[in-house]
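User: I am new to this structure and would like a close look at a single part, namely any closed space inside the protein. Please describe it carefully, and then set out the neighbouring topics of helix and strand so that I can find my way around.

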Amino acid sequence: MVNDPIADMLTRIRNAGMVRQKQVVMPSSKIKVSIAKILQDEGFIDTFGVTDDKPQPRLVLRLKYTPLGRPVITGLERVSKPGRRFYAGHKEIPWVRSGLGINIVSTPQGLMTGRNARRQKLGGEILCNVW
């Protein structure tokens, strides 16, 4: 049983990148699919898909690598944890690596990057940082 499914997802991606795997498979949920969509839109992963397995669908991520074979995702960090939630208004959303990385923020409008949340003047829970 996993207490923090988002941290589990980030750890699976981090571990797969360290051993240069082409894809990562994990149990699927709506929030994980939303995070995968953001990672794909921002160019951190190649593609993703959801299988129709029973009883639990699976999320399959195809990781992206540079021409030299290094993973595009160099770091993943869980910010808001179940024991210590981290909320920020749109003015307090921090920059990740001076703008080279992204935050994934849970807002009333759904999950989005920190940059989009600032533009739309939405605050929320900062789930993780990716660079």
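Analyst: A cavity here is a set of grid points where a 1.4 Å probe fits but cannot get out. The model is a predicted one, and a search of the whole structure finds one cavity of 30 Å³ or more. About 60 Å³ of space lies in this largest cavity, and its lining is made up of P94, W95, V96, G99, G101, I102, N103, G114, R115 and R118. Two elements, β6 (102-107) and α3 (114-119), give two or more residues each to that lining, and of these α3 gives the most, with three residues. By kind, the lining divides into four nonpolar, four polar and two charged residues.

Turning from the cavity to the helix at residues 5-18, α1 has 14 residues and reaches 20 Å from its first C-alpha to its last, which is close to the 20 Å expected at 1.5 Å a residue. Within α1 the buried residues are I6, D8, M9, L10, I13, A16 and G17, and what covers them includes β1, α2 (30-41), β3, β4 (76-78) and β8 (124-130). Just after α1 ends, R20 takes a positive phi of about 60°.

Two of the covering elements, β1 and β3, are also partners in strand pairing, for five bridges join β1 (residues 23-27) to β3 (residues 58-63), and the two strands run antiparallel. Strand β3 is likewise joined by five bridges to β2 (residues 45-50), again in an antiparallel arrangement; in that pairing, G49 has V60 as its bridge partner in β3.

On the β1 side, P27 is found in the strand and has R58 as its bridge partner in β3. Because its relative accessible area is 25%, and partly exposed residues lie between the limits of 20% and 50%, P27 counts as partly exposed. Leaving aside neighbours within four places in sequence, P27 is in contact with R12, K32, Q56, P57, R58 and L59, so that R58 appears both as a contact and as the bridge partner of P27. R62, by contrast, is 35 residues from P27 in sequence and 15 Å from P27 in space, C-alpha to C-alpha.

Technical notes:
Residues are numbered from 1 along each chain as its sequence is written. This is a predicted model: local features need pLDDT of at least 70, side-chain atom pairs count only at pLDDT 80 or more; totals for chains, interfaces and linings use all residues. Side-chain values use heavy atoms; hydrogens and water are left out. Two strands pair if DSSP finds at least two bridges between them. Helices (H or I, at least four residues) and strands (E, at least two) are DSSP runs, numbered from the N terminus. On a 1 Å grid over the protein atoms alone, a cavity is a set of points where a 1.4 Å probe fits but cannot get out, and a pocket is an open set with protein on both sides within 12 Å along at least five of seven lines; lining residues have an atom within 4 Å of a point. Grid points are joined across faces, edges and corners, and a volume is the space filled by probe spheres set on the points. Ala, Val, Leu, Ile, Met, Phe, Trp, Tyr, Cys and Pro count as nonpolar, Asp, Glu, Lys and Arg as charged, and the others, Gly among them, as polar. The expected span of a helix is 1.5 Å times one less than its number of residues. Buried means under 20% relative accessible area, exposed over 50%, partly exposed in between (1.4 Å probe, protein chains only). Contact means heavy atoms within 4.5 Å.
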